[in-house]
Structure formats: C-alpha cells, structure tokens
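Good morning, everyone, and thank you for making the time. I would like to walk through one model with you, beginning at a single pair of residues and working outwards from there.

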Amino acid sequence: MLNQFSRTELLVGTQNMDILKKARVAVFGIGGVGGYVVEALARSGIQHLDLIDNDKVSLTNLNRQIIATHSTIDQFKVDVMKARVLDINPQAKVEVYKCFYLPETKNLFDFTKYDYVVDAIDTVTAKIQLISQAKEAGTKIICSMGTGNKLNPTMFEVTDISKTSVCPLARVMRQECKKRGLKDVKVVYSKEIPLKQKMAEDSETVELKGNGIAPGSCAFVPSVAGLIIASEIIKDLTAN
C-alpha cells in the first residue's frame with residue numbers, strides 16, 4: 001500500500017523503515033545545519049524527534065535556515081520546526097526544549113532514551129559536554145564542525161575528529177577531545193579555508209554574536225552539512 005515513505009522504502013526495505021519509525025533522535029541546535037537535519041530525518045521516516053534550542057527566528061536567518069520566513073520571524077525555532085515536522089508527518093512525536101544545552105541544563109536530557117544525538121551547536125564547551133554525555137550513555141553522536149565563512153559545499157567530509165584538518169573549530173575540538181580521552185567521534189567538517197569577510201565591520205551591517213562578529217554564511221553550505229549528517233544517521237540506523 002502506497003504511503004508517504006514508499007519511495008524511501010524501495011531503497012532501504014520494509015524492515016528498515018520500521019527501525020526508522022521507532023528511532024528517537026535528539027537534535028541540539030535548530031539553525032542552518034540542525035534545521036536541515038530535522039527536515040531530512042522527518043522526510044526519511046524518523047517519527048520521534050527531540051528539538052533543543054532557545055533561539056528565535058531572526059531576519060538574518062532568512063538567507064540559510066529552512067524554518068526562516070518572514071512569517072516565522074520572532075517565533076521560537078523549535079516551535080516552528082515542530083509545526084513543520086507535523087505538517088510533513090502528522091504521526092510524528094516531537095518534543096521541544098526551549099533552552100540552550102549548558103552544564104546547568106544537561107540533566108534535562110536522558111541520553112539513554114536516544115538512538116542518535118546530533119550536535120549542531122556552536123560553543124566548544126557545550127559540544128564537548130554533548131560528546132561526553134553521549135559516550136557515557138552509549139549513544140551514537142555526530143557533530144557538525146564549522147560552516148561559517150565558507151562557500152564550497154563540495155569540501156565536506158565525514159570522518160573521526162582525530163583525522164580532521166584545516167577547520168579552526170575542528171582543531172580546537174580535536175585538542176579538547178584528546179585532552180579528555182574522547183575517542184571515536186564522528187564529525188562532518190569542511191577542508192575549505194574560511195574566507196575573509198568582505199562587509200564593513202560597523203554596527204549597521206554586521207550581526208554581533210557572543211563577544212565577536214557573526215560569521216558570514218549562505219544557503220548552500222550549512223544545508224549540505226545538515227543533509228550529510230541526516231544521511232549518516234539513516235545509514236547507521238539501517239546498517240545490517
């Protein structure tokens with residue numbers, strides 16, 4: 001009988017579609033990368049998703065984030081993403097957490113309930129904590145490295161953090177993982193050398209992020225990273 005996942009079922013088979021239906025995936029960070037991860041997972045048959053982010057959609061998200069439209073500006077990203085997932089698959093079960101993943105909030109999440117965890121956040125401290133918590137629970141995790149200030153989506157690779165190069169964020173993560181004895185960490189990263197920003201650095205033309213200037217970004221780099229991450233999850237969950 002035809003259903004919305006029939007074309008996927010032709011590729012992975014009925015048994016694997018049942019595995020995907022029962023799987024639970026947590027996505028930390030629903031931005032340029034994480035939004036596309038969730039989109040692809042929902043369209044692939046993952047029915048139980050936990051979405052974690054405390055940001056709201058902003059004007060500068062419109063150039064790259066799948067949930068960002070003029071009608072969603074100032075809405076919580078997790079709420080917009082949940083509505084989108086349920087519009088794709090009304091049978092989906094979506095849990096939302098309007099918070100950032102921090103040492104103070106880590107106990108909100110029981111990683112033993114997840115079949116896979118996605119790290120699509122920016123801060124090194126939080127990324128390391130996510131990896132540690134996933135490893136302690138024996139849960140698979142895949143991490144996104146830097147996608148900012150890049151224009152070439154063909155430069156992405158999937159590898160272990162220990163084998164990364166070029167990417168500044170990956171370098172820091174590699175050092176921190178080694179320091180803490182964290183091994184076998186799957187990442188998606190780009191070997192493209194970050195470009196220098198061309199925009200004048202004044203308060204009217206740039207977006208401040210943390211203590212510095214937000215990186216430049218585009219529609220086709222973070223989205224590709226997100227789709228690669230989603231494909232790795234589907235591949236790992238259906239591996240026989």
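Let me start with Ala26, whose bridge partner in S2 is Asp50. Please keep in mind throughout that what you see is a predicted model. The pair belongs to a longer register, since S1 and strand S2, residues 48-52, pair in the parallel sense over five bridges, and another of the pairs puts Arg24 with its bridge partner His48 in S2. Between these two strands the chain crosses from S1 through helix H3, residues 34-44, to S2, and this β-α-β crossover is right-handed.

Staying with Asp50 for a moment, which lies in strand S2, is this acidic residue buried or exposed? Asp50 counts as buried, because its relative accessibility is 0%, where the cut-off for buried is under 20%. As for what surrounds it, and leaving aside residues up to four places away in sequence, Asp50 touches Arg24, Val25, Ala26, Val27, Glu95, Tyr97 and Tyr114. With Tyr114 there is also a polar contact, side chain to side chain, at 2.9 Å.

Now to the other partner, S1, where five of its five residues are buried. If we separate the two faces, Arg24, Ala26 and Phe28 are buried on one side, while Val25 and Val27 are buried on the other, so that both faces of the strand are covered. That division is what one would look for, given that in a regular strand the side chains alternate between the two faces of the sheet.

On its other flank we come to S4, and S1 and S4 pair in the parallel sense over four bridges, with Val27 standing opposite Val118 in S4. S4 is likewise covered on both faces, with Tyr116 and Val118 buried on one side and Val117 and Asp119 buried on the other. From S4 we can step on to S5, for the two run parallel and are joined by four bridges, and Asp119 has Cys143 as its bridge partner in S5.

Which strands, then, make up the whole sheet, and in what order? It is an open sheet of seven strands, in the order S3-S2-S1-S4-S5-S7-S6, and the pairing is mixed. The edges are formed by strand S3, residues 93-97, and strand S6, residues 156-160, each of which pairs on one side only. From one strand to the next, the twist averages 20 degrees.

Let me turn to the helices that lie across this sheet, and to H5 in particular. Helix H5 covers residues 124-137, which is 14 residues, and reaches 20 Å from its first C-alpha to its last, close to the 20 Å expected at 1.5 Å a residue. H5 lies across S1, S4 and S5, and runs at about 165 degrees to S5; together, S4, H5 and S5 make a right-handed β-α-β unit. The buried residues of this helix are Ala126, Lys127, Ile128, Leu130, Ile131, Ser132, Gln133 and Ala134, and they pack against strands S1, S4 and S5 and against helix H6, residues 168-180. Just after H5, Gly138 takes a positive phi of about 70 degrees.

Helix H7, residues 222-237, also lies across several strands, namely S1, S4, S5, S6 and strand S7, residues 186-190, and runs at about 165 degrees to S4. In the segment after H7 we find Thr238, which is buried, with a relative accessible area of 12%, and which touches Asn16 and Leu20, again not counting residues up to four places away in sequence. The C-alpha atoms of Thr238 and Ile213 are separated by 41 Å, although the two residues are 25 apart along the chain.

Finally, there are two backbone details in the loops that I would ask you to look at. Val166, in the loop between S6 and H6, has a positive phi of about 70 degrees although it is not a glycine, and this residue is partly exposed, with a relative accessible area of 39%. Asp184, in the loop between H6 and S7, is another residue other than glycine with a positive phi, here near 55 degrees, and at 62% relative accessibility it counts as exposed.

With that I will stop, and I am happy to go back to any of these places on the screen.

Technical notes: Residues are numbered from 1 along each chain as its sequence is written. This is a predicted model: local features need pLDDT of at least 70, side-chain atom pairs count only at pLDDT 80 or more; totals for chains, interfaces and linings use all residues. Side-chain values use heavy atoms; hydrogens and water are left out. The expected span of a helix is 1.5 Å times one less than its number of residues. Buried means under 20% relative accessible area, exposed over 50%, partly exposed in between (1.4 Å probe, protein chains only). Contact means heavy atoms within 4.5 Å. Two strands pair if DSSP finds at least two bridges between them. Axes are lines fitted to C-alpha atoms, for helices over the stretch in contact, and angles run from 0 to 180 degrees between N-to-C directions. A polar contact is a pair of N or O atoms within 3.5 Å; within protein, one must be able to donate a hydrogen and the other to accept it, and residues adjacent in sequence count only if both atoms are side-chain atoms. A crossover is right-handed if, with the strands pointing away from the viewer, the path from the first strand over the helix to the second runs clockwise.
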